[in-house]
Amino acid sequence: MAVAEKQRLRRAFRARRGRLSKAQQDCHAALVRDAIEPRLAAQDTVAAYLARDGELDLAPLVDACWRRGIVIAVPVLGRRRMRFAAYRPGETMAANRFGIPEPATPCYVAPSVVLTPLVAFDDAGRRLGMGGGYYDRYFAAAPSLPRIGIAHECQRAVALPADRTDMPLNAVVTERGWQPFGGFADTC
């Protein structure tokens, strides 16, 4: 698919989620927390993200995980590579070149599940991200790692194009709950 068409789709779906009110955003964040948190085990290391630009906010889930002693990690971006670093309450953060906060002194960890931000998704598990390819490259290097998309239901597309380097999701979680793809188990 042409780069221009993907950019058009990104603009359209970012605008959709941008129209959600603060109350809707907060409600969706609580519902997603409630759908995911019971599926996590104490020994999990959960790769999350720090929401921006209307992304579904995982802060309620992160807080619940911290209370249970579950390790939370957030992305740290290199030039073409993404790794995950432990994220703790009160962590000193520094903005990367995209303005996204990252731990200032990263302690890298290997996640057991990755909660993935996205711009759009479809019922086949295809994901449209921001276009940098960081998550796809990470997943290609760790194909057995559970890939769970996090989104608002308004980010659902009828169908999305898939390039050969695109890694499909195993499930998506929206305010409507946990939705597995292709026979993936109903747990993380």
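Which residues do ring pairs link into a cluster? I looked this up before anything else, and found that the cluster consists of Phe84, Tyr135, Tyr138 and Phe139.

**Ground rules.** I am working on a predicted model, in which local features need pLDDT of at least 70 and side-chain atom pairs count only at pLDDT 80 or more, while totals for chains, interfaces and linings use all residues. I number residues from 1 along each chain as its sequence is written, and I take side-chain values from heavy atoms, with hydrogens and water left out.

**Aromatic rings.** I counted rings of Phe, Tyr and Trp (its six-membered ring) as a pair if their centres lie within 6.5 Å, with planes under 30 degrees apart called stacked, over 60 edge-to-face and the rest tilted. By this rule I arrive at 6 aromatic pairs. One of these joins Tyr135 to Phe139, a tilted pair with 6.0 Å from centre to centre and 45° between the planes. Both residues belong to helix H4 (residues 134-141), where they stand 4 residues apart, about one turn of the helix; I take helices (H or I, at least four residues) and strands (E, at least two) as DSSP runs, numbered from the N terminus. I also noted that Tyr135 and Phe139 are both buried, where buried means under 20% relative accessible area, exposed over 50% and partly exposed in between (1.4 Å probe, protein chains only).

**Charges over rings.** For these I required NZ of Lys or CZ of Arg within 6 Å of the ring centre and within 35 degrees of the ring normal. Arg83 lies over the face of Tyr108, 3.6 Å from the ring centre, and the charged end of Arg137 sits over the ring of Tyr134 at 5.1 Å from its centre.

**Salt bridges.** With a salt bridge taken as a side-chain nitrogen of Lys or Arg within 4 Å of a carboxyl oxygen of Asp or Glu, my search of the whole structure gave 12. Glu5 and Arg8 form one of them, at 2.7 Å from N to O. The two are 3 residues apart in helix H1 (residues 3-18), and therefore separated by about one helical turn. I recorded Glu5 as partly exposed at 26% relative accessible area, and Arg8 likewise as partly exposed at 40%.

I then turned to Arg156, whose side chain meets that of Asp123 in a salt bridge of 2.1 Å, N to O. Arg156 lies in the loop between strand S10 (147-150) and strand S11 (171-174) and Asp123 in the loop between strand S8 (120-121) and strand S9 (127-128), so the pair ties together parts that are 33 residues apart in sequence. Arg156 also meets Glu153 in a salt bridge, at 2.4 Å from N to O. Of these acidic partners, Asp123 is exposed with a relative accessible area of 52%, whereas Glu153 is buried at 9%. A network of salt bridges links Asp123, Glu153, Arg156 and Arg176.

**Helix H3.** Which residues of H3 are buried? In this helix (residues 59-68) I found Leu61, Val62, Ala64 and Cys65 to be buried. They cover an arc of only 165° around the axis, which puts them on the same side of H3; the arc is that of the directions from the helix axis to the C-beta atoms. The buried residues of H3 pack against helix H2 (22-36), strand S2 (71-77) and strand S7 (113-117), contact meaning heavy atoms within 4.5 Å. After H3 comes Gly69, with a positive phi near 80°.

**Cores.** I defined a nonpolar core as a set of buried Ala, Val, Leu, Ile, Met, Phe, Trp, Tyr and Cys residues joined through side-chain atoms within 4.5 Å. The largest has 35 residues, and those with the most contacts inside it are Leu58 and Ile150. Leaving aside neighbours within four places in sequence, I found Leu58 in contact with Val32, Ala48, Tyr49, Leu115 and Ile150. A second, separate core has 7 residues, among them Leu9, Val119, Ala157 and Leu160.

**Loop residues.** I noted that Asp53 has a positive phi of about 55° although it is not a glycine. Asp53 lies in the loop between strand S1 (45-47) and H3, and is partly exposed at 38% relative accessible area.
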